[in-house]
Amino acid sequence: MTGSRSREPGYLRAIEDTLSCFPDLVHYRVLYGPPRHRALADHLHRLMEIRSPAERRNGVKTLQVGLAESRTVLERHFVASESAAVVPLPSFHGRDGFDCGVMLGPEAASGLVQHGREACAAARPLESISDVRRLPVGAGPDLDE
């Protein structure tokens, strides 16, 4: 997953529940700037309670959270697995909504998974709850809230 604007409780809870139920599932989150909303910062905190980024299962790091800090890197938004991806579109119903998107199949999704891995590798890793606590919340350059 990429982006720093997530805030829908059901969506964030689904991620947490999935990671709790499937300990071998590898999860990447790339933030483009700090979290724009308290809900995402709280979610990152809960992820690190569920799983330590230092933990390895079967030799694989299963939680990787990175912060792209450079203002020259454009924010990207997508959710992808090896079998499908969703890329949000601007809402058809309001200014702040993320209720529209394009669903992509396995070939495109696989490419976005690789893109996310590379973006995470290039970002500053967030390795602990204290790293998450130090992030300013709502500090995006284009916020009016």
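Start by selecting Val-86 and Met-103: Met-103, in strand S7, is the bridge partner of Val-86. Strands here are DSSP E runs of at least two residues, helices are H or I runs of at least four, and both are numbered from the N terminus. You're looking at a predicted model, where local features need pLDDT of at least 70, side-chain atom pairs count only at pLDDT 80 or more, and totals for chains, interfaces and linings use all residues. Residue numbers run from 1 along each chain as its sequence is written, and side-chain values use heavy atoms, with hydrogens and water left out.

**The three-stranded sheet**

Widen the selection to S6 (85-89) and S7 (100-104). These two pair in the antiparallel sense over five bridges; pairing takes at least two DSSP bridges between two strands. Add S5 (79-80) and you have an open sheet of three strands, in the order S5-S6-S7, with antiparallel pairing. S5 and S7 are the edge strands, each pairing on one side only. While you're here, remember that side chains in a regular strand alternate between the two faces of the sheet.

**Over to S4**

Next, select residues 63-68, strand S4: five of its six residues are buried, meaning under 20% relative accessible area with a 1.4 Å probe and protein chains only (exposed is over 50%, partly exposed in between). S4 pairs with S1 in the parallel sense over six bridges. To see one of them, pick Val-30 and its bridge partner in S4, Gly-66. S4 also runs antiparallel to S8 (residues 124-125), joined by two bridges; show Leu-67 with its partner Arg-124 in S8.

**A stop at Thr-2**

Go to Thr-2, in the segment before H1. Why does Thr-2 count as buried? Because its relative accessibility is 7%. Now draw two distances from its side chain: 3.0 Å to the backbone nitrogen of Phe-78, and 3.5 Å from one of its polar atoms to the backbone nitrogen of His-77. Then show what Thr-2 is in contact with, leaving aside neighbours within four places in sequence: Arg-29, Val-30, Tyr-32, Arg-76, His-77 and Phe-78. Contact means heavy atoms within 4.5 Å.

**The pockets**

Time for a surface. Rolling a probe the size of a water molecule over the atoms shows where empty space is left. A pocket, on a 1 Å grid over the protein atoms alone with a 1.4 Å probe, is an open set of points with protein on both sides within 12 Å along at least five of seven lines, and lining residues have an atom within 4 Å of a point. Volume is the space filled by probe spheres set on the points, which are joined across faces, edges and corners.

- Largest pocket: the volume is about 470 Å³. Centre the view on Val-26, His-27, Tyr-28, Ala-80 and Ser-81, which lie nearest its centre among 23 lining residues. H1 gives the largest share of the lining, five residues. By class, the lining holds 16 nonpolar, five polar and two charged residues.
- Second largest pocket: about 390 Å³ of space lies here. Of its 18 lining residues, select Ser-6, Glu-8, Tyr-11, Pro-88 and Phe-98, nearest the centre.

**Last stop: Asn-58**

Finish in the loop between S2 (56-57) and S3 (60-61), where you'll find Asn-58. Is Asn-58 buried or exposed? It counts as exposed, because its relative accessibility is 69%. Check its backbone too: Asn-58 is not a glycine, yet has a positive phi of about 55 degrees.

Definitions and conventions: Nonpolar A, V, L, I, M, F, W, Y, C, P; charged D, E, K, R; others polar. Polar contact = N/O pair within 3.5 Å; in protein donor to acceptor, adjacent residues only side chain to side chain.
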